[in-house]
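Q: Got a minute to go through this one with me? I'd like to talk about strands, cavities and helix packing.

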Amino acid sequence: MAHGVVQVTNQNSSRWRRRTGEYETLAAALEAAGDGDVLSVSPGTYRENLVLDHAVTLRCADGPGTVRIAPASGVALTLRAAATVLDLLVEGQDTSSAALLVEASTPELSGLRINTRSAVGLEVRDGARPTVRRCTVDNPAGLGISVLDGAGGLFEDCEVVAAGQSGVAVRGGGGPRLERCRVHHASGAGISVTGESSSLEAVGCEVFEIRGTGVQISARATGHFTDCQVHRTTGDGVTLDTDGVLTLADCDIHDIPENAIDLRARSVLTLTRCAVRRFGRNGLSVWDPGTRVDADSCEIHDSTGDYPAVWVSDGAVAILDSCRVHDVPDALFVLDRGSRADVVDSDFSQIRNTAVSVSDGATIQLDDCRISRAATGAWFRDHGSGGTLAQVTIDETATGVIVTKGADPALERCTVTNPVESGVYVSAGGRGTFTECRVTGSRGYGFHIIDGCRSTLTRCRTERCARGGYEFAEPGPITENCTSDRAATEESPAPVPAGAVTAQTAAAQSYGVLGAVPEPRPAAAPAAPAVPAARQSEEVLGDLDALVGLDSVKREVRTLIDLISVGRRREQAGLKAPSARRHLVFTGSPGTGKTTVARLYGEILASLGVLESGHLVEVSRVDLVGEHIGSTAIRTQEAFDRSRGGVLFIDEAYALAPEDGGRDFGREAIDTLVKLMEDHRDAVVVIVAGYTEEMARFLASNPGVASRFSRTITFGDYTSKELVRIVESQVAEHEYRLGEDTGEALLKYFTALPKGPGFGNGRSARQTFEAMVERHAVRLAHVADPSHEELQLLYPEDLPELP
């Protein structure tokens with residue numbers, strides 16, 4: 001029943017013959033109206049399911065927002081003609097249908113507010129091409145805007161203010177254009193484009209406050225974004241998958257806790273004049289054969305995590321032209337055979353660790369690039385890894401170029417200035433060809449080539465190197481026409497004989513391969529980690545109790561916390577407190593929650609005032625062990641300094657003490673760590689973790705290690721029932737539901753799942769859930785119009801095959 005009347009005016013009649021009529025319901029007015037008529041709706045709430053199948057105009061008689069279309073169920077408003085709808089408030093309550101549906105037509109919608117709890121706020125389908133201006137969609141129960149089945153349309157100055165799933169979803173060959181639109185507070189992807197022939201063009205749009213991925217392009221879909229922003233997501237900023245194609249021009253991706261941009265499975269990305277900043281994992285992550293990214297005039301900077309800014313692996317290709325990467329832990333990592341990075345006229349600066357790393361058979365080409373203020377300029381790590389550096393300048397690093405373990409790069413006309421340790425360091429079977437390269441101002445050696453590595457040096461030169469221009473160990477490199485100044489004040493250079501194998505030093509004394517190393521550059525004071533306000537201990541203990549399984553671990557941690565807490569009370573009462581060893585050993589298989597418990601343990605100690613912040617710094621062997629004498633102690637000290645006031649968590653700590661250590665520098669890391677733990681016993685809590693048997697070897701590696709860690713906590717494998725509970729928690733978190741028999745099928749699956757050395761416990765449970773989601777997606781991809789329930793339910797057939 002209408003709360004007003006609807007006046008229908010035929011605008012096509014002559015003015016003196018214009019006819020009008022008033023109707024009590026919208027349905028009656030629409031039945032009487034013809035093409036070109038204007039329906040002026042009086043203020044009120046209309047509980048009707050409206051269908052506009054004529055080219056009429058529907059507007060509010062008394063201005064925007066005064067007319068509310070709110071039926072009890074079904075689609076509130078359906079458009080099937082070139083109608084015009086202005087300023088209405090549309091509400092829907094049906095979780096199986098859209099609130100507003102546009103089918104096979106070209107209507108104009110302006111000023112609409114869609115406030116609903118429907119499956120979809122605004123759905124455009126069947127080839128429809130609406131023009132939508134200044135409309136808002138608020139749908140916390142489902143999709144915001146859905147464009148499918150070859151539909152498109154123009155959306156200008158529109159806003160999705162909330163969505164229970166994706167904010168904008170395009171599939172089935174849909175192809176809309178968005179101009180100056182805003183999508184935020186969605187619980188799926190902000191914008192999702194999937195399926196062959198599906199596409200989306202966005203200009204001047206903003207995607208933010210997304211509980212998930214900002215923009216997702218997949219399954220042969222394409223996207224073109226110009227002058228857009230993506231920020232403040234909980235997942236990746238932008239993801240491409242399975243032959244997705246995306247172009248970003250003049251876009252800004254920032255404040256992303258995960259990967260700013262992640263692409264894989266033959267997807268292709270083109271970036272032009274884009275900024276990628278403040279990201280928690282990789283700024284640009286590129287995976288899989290056939291996957292490619294082309295970045296031109298882009299800037300990647302200000303990482304908030306401990307991951308490389310650009311990651312290229314598994315046969316992917318990255319091309320960077322005129323780009324800048326700065327203020328990140330590592331700049332560019334290229335790994336795996338077939339992976340390649342081509343970098344031209346680009347800058348890498350303010351890199352805390354390694355600017356360019358090449359490993360596992362990957363190759364790289366750097367032309368006319370600049371690297372400055374990094375721990376290591378370029379590191380070619382192992383056999384098959386190589387490529388070419390041409391006219392690259394490397395300035396103010398600890399070591400300019402490192403070549404190890406059979407890697408074989410070619411450097412041409414490169415310059416290394418002011419390194420702290422060495423300009424070029426080659427060891428452990430590394431090779432390398434160096435042509436017309438120059439090292440100047442080294443506080444160590446110019447070229448330091450040990451272990452008898454057979455590098456080739458042609459027309460190279462060193463100047464003002466404190467410990468010597470060239471330091472070789474037999475049989476040594478092949479040299480031709482290389483020169484060095486004898487001393488910083490001597491004008492005439494001295495030639496290095498062809499095939500030289502002995503050191504030609506700049507100073508009067510040669511220190512030899514194992515002689516004293518120069519004083520390292522003073523480490524900058526570590527920046528204080530950004531730590532959220534400390535939670536109360538009971539709140540954190542509640543999180544601990546909420547973890548699936550781990551009953552014995554929880555008892556151990558609570559006992560330790562009780563001991564510390566009572567000890568502090570005794571001190572406050574003037575009594576002698578028991579000496580509680582806070583450093584811990586965590587043993588057990590992967591995926592049993594060791595890192596999670598370590599993080600909560602730090603928070604609890606902070607809440608009790610034992611630690612200043614309680615933050616967690618997670619490291620492994622690669623973060624602590626350097627490539628040559630002296631660098632390991634520096635790296636270990638830096639990791640310890642980052643952990644001050646919190647927890648230093650060393651995963652797979654047994655790797656620091658290999659069974660056949662030889663000249664391994666891992667033991668230097670252990671020795672340094674033991675001394676730091678003694679000297680700063682109240683500043684940092686150290687937790688070492690790994691397999692049970694291997695950790696026993698680690699504890700025996702140094703007489704002081706076992707005494708520092710007096711308590712070992714064992715993390716047992718999860719039972720099949722506990723693995724099911726983990727999957728159930730993932731299901732609830734991602735807004736899925738288990739079908740009637742799926743829980744029982746999961747239990748049988750985990751019972752039968754092989755529990756060999758590669759079994760990942762909780763990780764395996766999460767991977768099982770992800771596999772179920774993928775199979776569910778494949779199952780529904782060919783369903784023309786799946787219901788809301790079908791989009792949620794996971795059935796036994798969605799379980800992956802047993803390995």
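Q: Let's start with β19 and β22: do they pair in the parallel or antiparallel sense, and over how many bridges?
A: Parallel, with two bridges between β19 and β22. Keep in mind that we're looking at a predicted model.

Q: Which residue of β22 stands opposite E159?
A: That's R182.

Q: And what about β16, how many bridges join that strand to β19?
A: Four bridges, and β16 (residues 136–139) runs parallel to β19. One of the facing pairs is D138 with A162, the latter sitting in β19.

Q: OK, switching to empty space. How many cavities of 30 Å³ or more turn up in the whole structure?
A: The search finds five. The largest cavity holds about 70 Å³ of space.

Q: Which elements give two or more residues to the lining of the largest cavity?
A: Those are β17 (143–147), β19 (159–163) and β22 (182–184). So we're back at the β19 and β22 pair, which is joined in the parallel sense.

Q: Which residues line the largest cavity, then?
A: Here's the list: I145, V147, F155, C158, E159, V160, V168, P176, L178, C181, R182 and V183. You'll recognise E159 and R182, which stand opposite each other across the strands.

Q: How does that lining divide into nonpolar, polar and charged residues?
A: There are 10 nonpolar residues, two charged ones and no polar ones. E159 and R182 are the charged two, as Glu and Arg both count as charged.

Q: New topic, further along the chain. Which strand does β26 pair with, and in what sense?
A: β26 (residues 215–218) pairs with β29 (residues 238–241) in the parallel sense, over four bridges. Within that pairing, Q216 faces T239 of β29.

Q: What does β29 do with β32?
A: Those two run parallel as well, joined by three bridges, with β32 covering residues 261–263. T239 comes up again here, standing opposite D262 in β32. That gives T239 a partner in β26, namely Q216, and another in β32, namely D262.

Q: Now the open sheet with five strands. What's the order?
A: The order is β61-β62-β63-β60-β64, with parallel pairing. β61 (616–619) and β64 (711–715) are the edge strands, each pairing on one side only.

Q: By how many degrees are neighbouring strands of this sheet turned against each other?
A: By 20 degrees on average, if you ignore direction.

Q: How many bridges join β60 to β63?
A: Four, between β60 (residues 584–588) and β63 (residues 685–690), and the two run parallel. T587 has G690 of β63 as its bridge partner.

Q: Last topic, helices. At what angle do α6 and α7 pack?
A: About 40 degrees, with the axes 9 Å apart; α6 spans residues 631–642 and α7 residues 666–679. The two therefore count as oblique to each other.

Q: Is the crossing of α6 and α7 left-handed or right-handed?
A: Right-handed.

Q: And what's the angle for α10 and α11?
A: α10 (residues 720–733) packs against α11 (residues 742–752) at about 130 degrees, and their axes are 9 Å apart. That angle makes α10 oblique to α11.

Q: Why oblique, and not roughly antiparallel?
A: Because roughly antiparallel needs an angle over 145 degrees, and this one is about 130 degrees. As for handedness, α10 and α11 make a right-handed crossing.

Note on methods. Residues numbered from 1 in each chain as written. Predicted model: local features only at pLDDT ≥ 70, side-chain atom pairs only at ≥ 80, totals over all residues. Heavy atoms only, no water. Pairing = 2+ DSSP bridges. 1 Å grid on protein atoms, 1.4 Å probe; cavity = no way out; pocket = protein on both sides within 12 Å on 5 of 7 lines; lining within 4 Å. Points joined across faces, edges and corners; volume = space filled by probe spheres on them. Axes fitted to C-alpha atoms, helices over the stretch in contact; angles between N-to-C directions. Parallel < 35°, antiparallel > 145°, perpendicular 65-115°, else oblique. Left-handed = near helix turned anticlockwise from the far one by under 90°.
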